[in-house]
Amino acid sequence: MTKLRISIVQYLNTAPLVWGFTNGRLRGKYDLSFTVPSQCAEQLRAGTADVAIIPAIEYARIPDLEILPDLSIASKKLVRSLLLISKSPIGQFKSVALDASSRSTQALTRILCAEHWKITPEFIEMPPDLETMLRKADAALLIGDPALRLSLTMESYSTRIEDHGSQKTPHKPPIAGWMWNAEKAGVAPPSQKLFVFDMVEQWRARTGLPAVLAVWAARKGVATPEVVADFLASRDFGLSRLAEISAEGARELGLSADKLESYLRDNIDFSLDGENRRGLELYLADAAKLGLIPQAKPLEWTAAKAEAVKL
């Protein structure tokens with residue numbers, strides 16, 4: 001029998017979802033490939049993958065998909081790996097460089113600009129290099145491991161600011177964020193300081209709901225009860241091995257294993273509970289309102305809802 005093809009994002013925050021496939025008893029059962037979020041969606045769209053972890057926005061753009069139950073990459077309040085980094089406060093910058101590997105967070109940035117911050121900057125898609133992005137634009141969106149690495153590296157050079165909006169155009173409620181030393185962040189003069197915003201924190205401030213960043217999606221009819229059970233089991237196995245995952249991530253990223261474990265445990269939520277579903281539905285409704293997707297289609301689940309088996 002041909003193995004199901006699974007397309008996986010090659011970021012640390014995906015590792016717990018697939019640890020059973022890569023390091024557990026399910027290893028070898030599926031055909032795994034690793035890439036960036038936007039390419040996972042393209043592989044599912046093109047039919048070169050059967051199941052993929054896709055940016056949440058892509059669920060509304062790709063026809064004939066089903067979502068696997070109770071599985072996602074989400075964040076309840078603060079994520080630390082989705083950052084808007086600006087040379088000036090919100091309300092003063094005129095252009096934003098968007099990380100080309102992102103789709104969900106690109107859409108989230110556009111939604112927050114229009115609906116929360118009430119600004120209309122120019123958007124420019126670029127590769128995720130902060131210094132290059134800030135040469136071209138006033139602000140930069142970074143996601144995934146590059147953003148997390150920068151966030152953790154800059155902890156000692158950050159100042160928390162509870163009201164981070166522009167003094168010229170005050171924002172209500174106040175915009176919370178951080179101020180970074182630009183040189184320590186690897187950004188050359190003339191910038192002396194950077195204004196930094198956690199995109200999940202900003203979404204939560206606007207909506208009171210979590211942000212769902214990615215979901216497991218399958219072509220209709222692919223996700224049998226056995227497949228769903230395997231995906232749930234892989235996630236549960238990964239959650240029981242966060243220290244192991246973080247130690248491996250620390251070697252690859254050159255960061256503290258303790259900090260990475262804290263990130264996976266405290267900043268990322270791997271479920272699709274009721275609160276997360278409400279956040280996802282509102283996100284899709286906002287995206288449709290702005291014309292980023294054709295419509296906010298209802299969430300369709302795989303018919304097979306199985307309990308995770310023990311690994």
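This report walks through one open sheet and two helices that lie across its strands.

## Before you start

You're looking at a predicted model, where local features need pLDDT of at least 70, side-chain atom pairs count only at pLDDT 80 or more, and totals for chains, interfaces and linings use all residues. Residues are numbered from 1 along each chain as its sequence is written, and side-chain values use heavy atoms, with hydrogens and water left out.

## The sheet

Seven strands make up an open sheet, in the order β7-β6-β8-β5-β11-β10-β9, with mixed pairing. Strands (E, at least two residues) and helices (H or I, at least four) are DSSP runs numbered from the N terminus, and two strands pair if DSSP finds at least two bridges between them. β7 (122-126) and β9 sit at the edges with a single partner strand each, so one side of each has no neighbour in the sheet. On average, neighbouring strands are turned by 25° against each other, direction ignored; axes here are lines fitted to C-alpha atoms (for helices, over the stretch in contact), and angles run from 0 to 180 degrees between N-to-C directions.

## From β9 to β5

Start with β9 (residues 158-161): four bridges pair it antiparallel with β10 (residues 177-181), and S158 has W180 as its bridge partner. W180 also has a bridge partner in β11, namely L194. β10 and β11 (residues 193-198) are antiparallel too, over four bridges.

Next comes β5 (residues 82-86), joined to β11 by four antiparallel bridges. Here I85 is partnered by V196.

## Helices across the strands

Helix α5 (residues 144-153) lies across β5, β8 (139-143) and β10, at about 105° to β8. Helix α6 (residues 199-207) lies across β5, β8, β9, β10 and β11, at about 55° to β11. Contact means heavy atoms within 4.5 Å.
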